[in-house]
Amino acid sequence: MQGNKQQPEQQNVTSNLVCGIDFSRFSRHVQFLSLASGVFFIFIGYGYIQEKIFHIPGFRSHGWFLSLLQFTFVTIISYVDSSYISVSSKRERAPYSSFIVLAGLTVGTMGLSTVALGFLNFPTQVIFKSCKLIPVMIGGILILGKRYTFADYMSVFLMSFGLVWFSLADQTVSPDFNPIGIVLISMALGVDAVFGNFQEKLIKKYPFLTNADIAFYSYALGTVMLAAGLLVTGQLFASIEYTLLHTEVYPLTLVYSSLGYLGVQCVLALIASSGVLVATIVTTMRKVLTVILSFVFFTKPFTFQYVWSGALVFAGISISIYIRNRVTVLHALSVLISRIMNFISPRARKDSSTSVLQV
């Protein structure tokens, strides 16, 4: 009897691994602080290195090769993680056909968004990637015939309006702006919407698949796809020749790929420990800080149109977060207000008693 009771507890304890570190052994507060800090610092470093790579002279035309290097490195990292570090007691494997589809979608969303940086400012790419709700909602209306609330339409309107004005600001002040970048990042958004739904369906169907296993198979197959595509188009050898003259690309990409892999694991662990709402808020705030720091670390033209158009986008995202988590948000606010009042009230009573004694 005792053995039967202990088994589920062990499964719960080992269900939140990040590169071998079992975060479920810590308190919820420690998990949140550790994982949220990890998401902030890791992805800020990830964005900084990505932008630094595209600032190497002549690199802008080699975005697909950067994706190939990233996929190759992540394949190696995820293999080591799944085989030797984050080893699960229960292993499960999905059909290779599912992984092939997932790999194609991963290549589409990550490859297109990376290549778009050759035509756009980094902040514009980040702002666009934050608006996945737009293609999801359009697909829901056209394909599934879904109906949405007024708040949903208001959220999408604010995001769309902000994106248009942010793009116009980029076109006005940035010498590197090219409308091809808008097309590429918009395509990446559309693929990302399909990718998220397909991955969620795969995880529900095969619950014992580890994140490391999913990453390994999708990135390994994606590496083959990217290599074949670059070979067919003739870009592979040209990119290799370029990177042999700029060897700093390789160590930068290794660090960039490692940070990206670790960051995704932290986000997934944060979702498991604190819920989707908290993870969404943390990642959204991280994107705001990433955009701000991009202007700080890398010299680029600036206009206040970036500020208010970016604010419109994040206002739309905030509305979207609220309407999908209304009960949780209101409960969290009530708890926060009650804690603030409990903190203030004893102080107020103490101050009033002190003043009476002084009188």
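Let's start with contacts: among those in the protein with a separation of 6 or more, 85% are made by residues 24 or more positions apart. Keep in mind, everyone, that this is a predicted model.

What are the elements behind those contacts? The protein has 14 helices and 2 strands. It runs to 359 residues, and 43% of them count as buried. As for the outside, the accessible surface is about 19,500 Å², with 68% of that belonging to carbon and sulfur atoms.

Now, if you turn to the surface, please look for helix α14, residues 326-358. This helix supplies 7 residues to a nonpolar patch, the largest share of it. The patch covers about 760 Å², and its members are Y322, L330, L333, I337, I340, M341, F343 and I344. Let me pick out one of them, L330, which sits in helix α14. Is L330 buried, exposed or partly exposed? It counts as partly exposed, because its relative accessibility is 45%, and that value falls between the 20% limit for buried and the 50% limit for exposed.

Let's move inside. How many cavities of 30 Å³ or more does the structure hold? The count is 1. The largest cavity has about 60 Å³ of space. Around it you'll find I44, G47, Y48 and E51, then F122, and then T290, L293, S294, F297 and F298. Two or more lining residues come from each of α2, spanning 28-54, and α12, spanning 276-297.

So there are two places to visit on screen: the nonpolar patch with its largest share from α14, and the cavity lined in part by α2 and α12. Thanks, and I'm happy to rotate the model for anyone!

Terms used
Residues are numbered from 1 along each chain as its sequence is written. This is a predicted model: local features need pLDDT of at least 70, side-chain atom pairs count only at pLDDT 80 or more; totals for chains, interfaces and linings use all residues. Side-chain values use heavy atoms; hydrogens and water are left out. Patches are made of residues with over 30% relative accessible area and no salt bridge: like charges are joined within 9 Å, nonpolar side chains (Val, Leu, Ile, Met, Phe, Trp, Tyr) within 5 Å. Accessible areas come from the Shrake-Rupley method with a 1.4 Å probe; for residues, only the protein chains shown count as cover. A salt bridge is a side-chain nitrogen of Lys or Arg within 4 Å of a carboxyl oxygen of Asp or Glu. Helices (H or I, at least four residues) and strands (E, at least two) are DSSP runs, numbered from the N terminus. Buried means under 20% relative accessible area, exposed over 50%, partly exposed in between (1.4 Å probe, protein chains only). Contact means heavy atoms within 4.5 Å. On a 1 Å grid over the protein atoms alone, a cavity is a set of points where a 1.4 Å probe fits but cannot get out, and a pocket is an open set with protein on both sides within 12 Å along at least five of seven lines; lining residues have an atom within 4 Å of a point. Grid points are joined across faces, edges and corners, and a volume is the space filled by probe spheres set on the points.
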